[in-house]
Amino acid sequence: MTTRFTIESNREYWEDPNTISIIDSNLHALEIDYVSKHLRPEHIIADIGCGNGNATLKYAERVKYCYGIERSKLLRDQASRALQLSRQRNVAFREGDILDLSDYKENFDVVVTQRVLINLPSWELQARAIDNVYRCLKKGGLYILVENTNDGNDIMNAYRKKVGLQPISVHWHNRFLDFDVFMRHIDKKFRLIERHGFNLYYLLTRIYVQMFASFVGSGKNAQADDIFSKSDRAARILFEEIGDRIVFADNPVLGPIQGIVLQRLQP
Ligand SMILES: C[S@@+](CC[C@H](N)C(=O)[O-])C[C@H]1O[C@@H](n2cnc3c(N)ncnc32)[C@H](O)[C@@H]1O
């Protein structure tokens, strides 16, 4: 039986100790590298929906001060424990909901949301979250999104179909962004600085290897052949070496997750 996607069911999902945020640790590392390259030593940043704080602690190494804002108590506690075990002293983890950021107003040089908007069950709520981020950014500040879009997912599934693979479906607790709708919404609020796909990584891990090896299920229910631990790692190395040099001319992104950098416009 599938669970209905509501704010409440999503909240419960992230309070469940069995939930896994992202099973593909190589892709998570690529996401972190992508965000990190935009961070500067003078930045005060907020990582909203920071989960267990693993990425937040990496971002803290590059900036002046880092706030990890998270709705789930389970994950905030994990993040606080990770902070105690780390050497970072420029991090605070706080309770917070991206749908209510009224405690913050033009505080941050950079806001990161890494697969957080996709945890909101409607476009109206996602748009409200984007507007909240806008208000808590300094003028000229950066909003770095690592989020999933439908067009990226559709392109990946179209290539899967060409080689006889079934489409990968969207998890019950996720709602991907429609990039065109997103772009119309941010007009006059933000300037698009870049959109970055993990294209080569997706091509190798979600299309090519899957022709020869089995990966079924997701999260804690995923069942994957052993080859994936080696092949995902190899795909990450290849992506790091040559990913940015391979351009998919007609498709800006291949694969659901992508990096998007926006700059807050004045006023
Ligand atoms: C896919 S996980 C990503 C965690 C982290 N950003 C990372 O990349 O490792 C999504 C996170 O968003 C959080 N989240 C979902 N809805 C939220 C909301 N309304 N406000 C704040 N955090 C939320 C979840 O609790 C969870 O920690």
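Modeller: A polar contact is a pair of N or O atoms within 3.5 Å. The model is predicted, and the contacts around its ligand are a reasonable place to start.

Colleague: How far is an oxygen atom of the ligand from an N or O atom in the side chain of Arg 115?
Modeller: A pair of N or O atoms has to lie within 3.5 Å to count as a polar contact. The side chain of Arg 115 and an oxygen atom of the ligand supply such a pair. The distance between these two atoms is 3.0 Å.

Colleague: How much of the accessible area that the ligand has on its own does the protein cover?
Modeller: On its own, the ligand has 590 Å² of accessible area. The share of this area covered by the protein is 98%.

Colleague: Which side chain has an N or O atom 2.5 Å from an oxygen atom of the ligand?
Modeller: The closest residues around the ligand are Gly 49, Glu 70, Asp 97, Ile 98 and Arg 115. The side chain with an N or O atom at 2.5 Å from a ligand oxygen belongs to one of these, Glu 70.

Colleague: Which residue places a backbone N or O atom 3.1 Å from a nitrogen atom of the ligand?
Modeller: In this case the protein atom belongs to the backbone, and the ligand atom is a nitrogen. At 3.1 Å, the pair falls within the 3.5 Å limit for a polar contact. The residue is Gln 114.

Colleague: How many residues of the shell around the ligand are charged?
Modeller: The ligand is surrounded by 19 residues. Six residues of this shell are nonpolar and nine are polar. The number of charged residues is four.

Colleague: Is Arg 115 buried or exposed, and what is its relative accessible area?
Modeller: Arg 115 sits in the loop between β4 and α5 (123-136). Its phi is positive, about 55°, although Arg 115 is not a glycine. Most residues other than glycine have a negative phi. A residue under 20% counts as buried, so Arg 115 is buried, at a relative accessible area of 12%.

Colleague: What is the phi of Glu 106?
Modeller: Glu 106 is found in the loop between β3 (91-95) and β4 (108-114). This residue is partly exposed, with a relative accessible area of 30%. Glu 106 is not a glycine, yet its phi is positive, near 50°.

Colleague: Which helix holds both Glu 8 and Arg 11?
Modeller: The side chains of Glu 8 and Arg 11 form a salt bridge, 3.3 Å from N to O. Glu 8 is partly exposed at 42%, and Arg 11 is partly exposed at 31%. The two residues are three apart, about one turn of the helix, and that helix is α1.

Colleague: Why are Arg 236 and Glu 240 separated by about one helical turn?
Modeller: Their side chains meet in a salt bridge of 3.2 Å, N to O. Glu 240 is partly exposed, at 43% relative accessibility. The separation is about one helical turn because, within helix α9 (residues 227-242), Arg 236 and Glu 240 are four residues apart.

Colleague: Which residues do salt bridges that share partners join into one network?
Modeller: A search of the whole structure gives 12 salt bridges. Where salt bridges share partners, they join three residues into one network: Glu 106, Lys 139 and Arg 264.

Colleague: What is the relative accessibility of Lys 188?
Modeller: Lys 188 forms a salt bridge with Asp 187, with the closest N and O atoms 3.4 Å apart. Asp 187 is partly exposed, at 47%. Exposed means over 50%, so Lys 188 counts as exposed, at 69%.

Colleague: Which residues make the nonpolar surface patch of about 420 Å²?
Modeller: One of them lies in the loop between α8 (199-208) and β7 (215-216), namely Met 211. Met 211 is partly exposed, with a relative accessible area of 39%. The patch is made by Val 163, Tyr 208, Met 211 and Phe 212.

Colleague: What distance separates the C-alpha atoms of Ile 144 and Arg 89?
Modeller: Ile 144 is part of strand β5 (residues 137-148) and counts as buried, at 0% relative accessibility. Along the chain, Ile 144 and Arg 89 are 55 residues apart. Their C-alpha atoms are separated by 23 Å.

Terms used
Residues are numbered from 1 along each chain as its sequence is written. This is a predicted model: local features need pLDDT of at least 70, side-chain atom pairs count only at pLDDT 80 or more; totals for chains, interfaces and linings use all residues. Side-chain values use heavy atoms; hydrogens and water are left out. Buried means under 20% relative accessible area, exposed over 50%, partly exposed in between (1.4 Å probe, protein chains only). Patches are made of residues with over 30% relative accessible area and no salt bridge: like charges are joined within 9 Å, nonpolar side chains (Val, Leu, Ile, Met, Phe, Trp, Tyr) within 5 Å. Accessible areas come from the Shrake-Rupley method with a 1.4 Å probe; for residues, only the protein chains shown count as cover. A salt bridge is a side-chain nitrogen of Lys or Arg within 4 Å of a carboxyl oxygen of Asp or Glu. A residue is near a molecule or strand if one of its heavy atoms lies within 4 Å of it. A polar contact is a pair of N or O atoms within 3.5 Å; within protein, one must be able to donate a hydrogen and the other to accept it, and residues adjacent in sequence count only if both atoms are side-chain atoms. Ala, Val, Leu, Ile, Met, Phe, Trp, Tyr, Cys and Pro count as nonpolar, Asp, Glu, Lys and Arg as charged, and the others, Gly among them, as polar.
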